[in-house]
Amino acid sequence: LRHLAQRAQGKADVAKEAPAWPRARAGEPLPLSPAQQQIWVFERLQPGTATYHIYDFVELFGSLDMDALRGAFRTTLALHDALRIGFGEDAGRPIQIVRERMDAEVEFADIESQWRAQGDIARDRAIDLVSQRPFYLSEPPLMRVSVLRLEQDRHVLIIVVHHIVTDAWSLLTLRNDVVGAYTACRAGRTPILPESPPQFADVVL
């Protein structure tokens, strides 16, 4: 039993030393996963399609700090490599490349007059316009953060992501990351980033 315990401990020590998952390096051309290849082909056949857009939205009440929201968006981009992926071709083969750093702006639209006249019909129409606007796969980030102003202290936060870099389940995580970072930035604190999980491009290594 003593020898079995020593062998088990040795294996545990090796597991601690070895990285749990190989990580993609920024700037390194990588192949696409089979699922990404299918989406890539579909996008080539129907450029500008919103078929693979996934989105979520939440209403915000109270004063809105746009500077804090911009900081939260940039923090989220820094955490998730997948959001900094751009797609291209190399010798006719599709590739993806993770960008080292990326800046992005939060879009803002004031629809108060339309909302007061038409209510949620105007709100939903504006959300549809934001969620369906095309992404260009060669131009990351493939994530969009937008704000609709309904009135002085009422806004809609919209997050749109292309399915080629994430999935619907992960969208909730992204929204929580943005909201959590926004809360920290608004309070004047530096957002605390969780340990970076295995990223979307890592699975093709």
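This report describes the fold, one helix and the nonpolar core of a predicted protein model.

**Overall architecture**

The protein contains six helices and six strands. Along the sequence these elements follow the order α-α-β-α-β-β-β-α-α-β-β-α. Of the 205 residues, 40% are buried. Among contacts with a separation of 6 or more, 73% join residues that are 24 or more positions apart. The exposed surface of the protein is about 11,800 Å², and 54% of it comes from carbon and sulfur atoms.

**Helix α6**

Helix α6 covers residues 168-186. Its 19 residues should span 27 Å at 1.5 Å a residue, and the C-alpha atoms at its ends are 27 Å apart, so the two values agree. Buried positions in α6 are S170, L171, L174, D177, V178, A181, Y182 and A184. Viewed down the axis of α6, these buried residues fall within an arc of 165°, and therefore they line one face of the helix. On the other side of α6, A168 and W169 are exposed. After α6 comes G188, which has a positive phi near 80°.

The buried residues of α6 pack against two strands at positions given below, together with a further strand and a helix.

| Element packed against by the buried residues of α6 | Residues |
|---|---|
| β1 | 53-61 |
| α3 | 66-79 |
| β5 | 143-151 |
| β6 | 154-162 |

**The nonpolar core**

In soluble globular proteins, nonpolar side chains tend to be buried together. The largest nonpolar core of this model has 44 residues, and L69, F87, M143, V161 and V165 touch the most other members. Two or more residues of this core are supplied by each of α2 (34-45), α3, β2 (85-90), α5, β5, β6 and α6. Helix α6 thus appears again here, as one of the contributing elements.

L69 illustrates how these parts meet. Setting aside residues up to four places away in sequence, L69 touches V106, V147, L157, V178 and Y182. Of these, V178 and Y182 are among the buried residues of α6.

**A122 in helix α5**

Helix α5 spans residues 120-132 and includes A122. The relative accessible area of A122 is 4%; because this is under 20%, A122 counts as buried. Apart from neighbours within four places in sequence, A122 is in contact with I111, Q114 and W115. A122 and L150 are separated by 28 residues in sequence, while their C-alpha atoms lie 9.7 Å apart in space.

Conventions. Residues numbered from 1 in each chain as written. Predicted model: local features only at pLDDT ≥ 70, side-chain atom pairs only at ≥ 80, totals over all residues. Heavy atoms only, no water. Helix = DSSP H or I, 4+ residues; strand = E, 2+ residues; numbered from the N terminus. Buried < 20%, exposed > 50% of the residue type's maximum accessible area, 1.4 Å probe, protein only. Contact = heavy atoms within 4.5 Å. Areas by Shrake-Rupley, 256 points an atom, 1.4 Å probe, with all protein chains shown as cover. Expected span 1.5 Å × (residues − 1). Arc of directions from axis to C-beta. Core = buried A, V, L, I, M, F, W, Y, C linked by side-chain atoms within 4.5 Å.
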